[in-house]
Amino acid sequence: YTTLFRSDRKFKTLGNLERGQEMEKLYWKNPDCGMEDRVFRNYAVSGAFKSAKRFYTQARTNIIDPVDFSNRLGLMVFVTAYLLNDEEMRQMVLEDSRSASFNDMCLHIWDAAIRDNTIELEQNVRDLIERYETQKGPESRGRRLLEFLPLLPALRDPQDANHQKALRYFGRDDSWLILRWLWIEKFNLKSQDAITFLGGRETDMCRHVLVCYLDRDEKALVDALNQFQAQRTTIDEFSVLCRFLFKKLHNPADLLEEPDLKPAEIGRAHV
């Protein structure tokens, strides 16, 4: 099947949406080809989130390796489900990635944060440290996060004496960026507080997109997103988040026609 993609030149001339559609047509001719990630990535980064969700829910019966799923596609599908406010889809992702891989544990940390279950959140972080960071020092990702958790009430409450300490805890460190964004939205942080929590205005291209969104600066957001996409070598959960925020600020109305490309004889999932 890989011979079909040795001539990737055919797809390079297409936009992400059209590329995703053409790849999906090929996918359904051979559903065990393992191309779920390529189809989903192209739909999600094009802003065709309905198609991304539809395809995932239809193709997930072919996902048989939870470790591979959590490491290749799980983070991105979970972020998509979160952005769509789709709890059922989030639970699908957690089920499909259940493997105790590092990324699978990150997914459970994210999910506990979304549900504001601080007891489960702390236990998930401790489990991650025990499984993956026993030989690492105090600055490991898990330990840094565990040390931050007592500051969550201060992050939530702008009147708390430790609010600024919580906002500045991670600084320009790029760890737990998605988790920080979940908390920004969960606690409705003010724009400047959110920017501080992300590490300020002078960080990386991804956070520059987020800052432009928080500033509600449409022109700057266009430029920032173009620069971010130009310097990326892959499509991941950060690509999905940035593309979604761009669409939310510029054109929240969904004008894309997103047909169901799964052949009727195979059976279509209700989405």
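**Exercises on helix packing and aromatic pairs**

Phe148 and Tyr169 are both buried in this predicted model.

**Exercise 1.** Classify the aromatic pair of Phe148 and Tyr169, and locate its two residues in the chain.

*Solution.* The ring centres of Phe148 and Tyr169 lie 5.2 Å apart, with 45 degrees between the planes. Pairing requires centres within 6.5 Å, and planes under 30 degrees apart would count as stacked, over 60 as edge-to-face. The pair is therefore tilted. Phe148 belongs to helix H9, whereas Tyr169 lies in the loop between helix H11 (163-167) and H12; the two are 21 residues apart and link distant parts of the chain. Both also belong to one aromatic cluster with Phe170, Trp183 and Phe197. The count for the model comes to 14 aromatic pairs.

**Exercise 2.** Determine how helix H3 (residues 36-46) is oriented towards helix H16 (residues 237-250), and characterise the contact.

*Solution.* The axes are 8 Å apart and make an angle of about 30 degrees. Angles under 35 degrees count as roughly parallel, so H3 is roughly parallel to H16. H3 contributes Ala44, Val45 and Ser46, while H16 contributes Ser239, Val240 and Arg243. By type, the contact residues are three nonpolar, two polar and one charged.

**Exercise 3.** Assess the span of helix H7 (residues 102-114) and its burial.

*Solution.* H7 has 13 residues and reaches 19 Å from its first C-alpha to its last, close to the expected 18 Å. Twelve of its 13 residues are buried, among them Trp110 and Asp111. The covering elements include helix H5 (66-83), helix H8 (118-132) and H16. Just after H7, Asp116 adopts a positive phi of about 60 degrees.

Definitions and conventions
Residues numbered from 1 in each chain as written. Predicted model: local features only at pLDDT ≥ 70, side-chain atom pairs only at ≥ 80, totals over all residues. Heavy atoms only, no water. Axes fitted to C-alpha atoms, helices over the stretch in contact; angles between N-to-C directions. Helix = DSSP H or I, 4+ residues; strand = E, 2+ residues; numbered from the N terminus. Parallel < 35°, antiparallel > 145°, perpendicular 65-115°, else oblique. Contact = heavy atoms within 4.5 Å. Nonpolar A, V, L, I, M, F, W, Y, C, P; charged D, E, K, R; others polar. Expected span 1.5 Å × (residues − 1). Buried < 20%, exposed > 50% of the residue type's maximum accessible area, 1.4 Å probe, protein only. Phe/Tyr/Trp six-rings, centres within 6.5 Å; stacked < 30°, edge-to-face > 60°.
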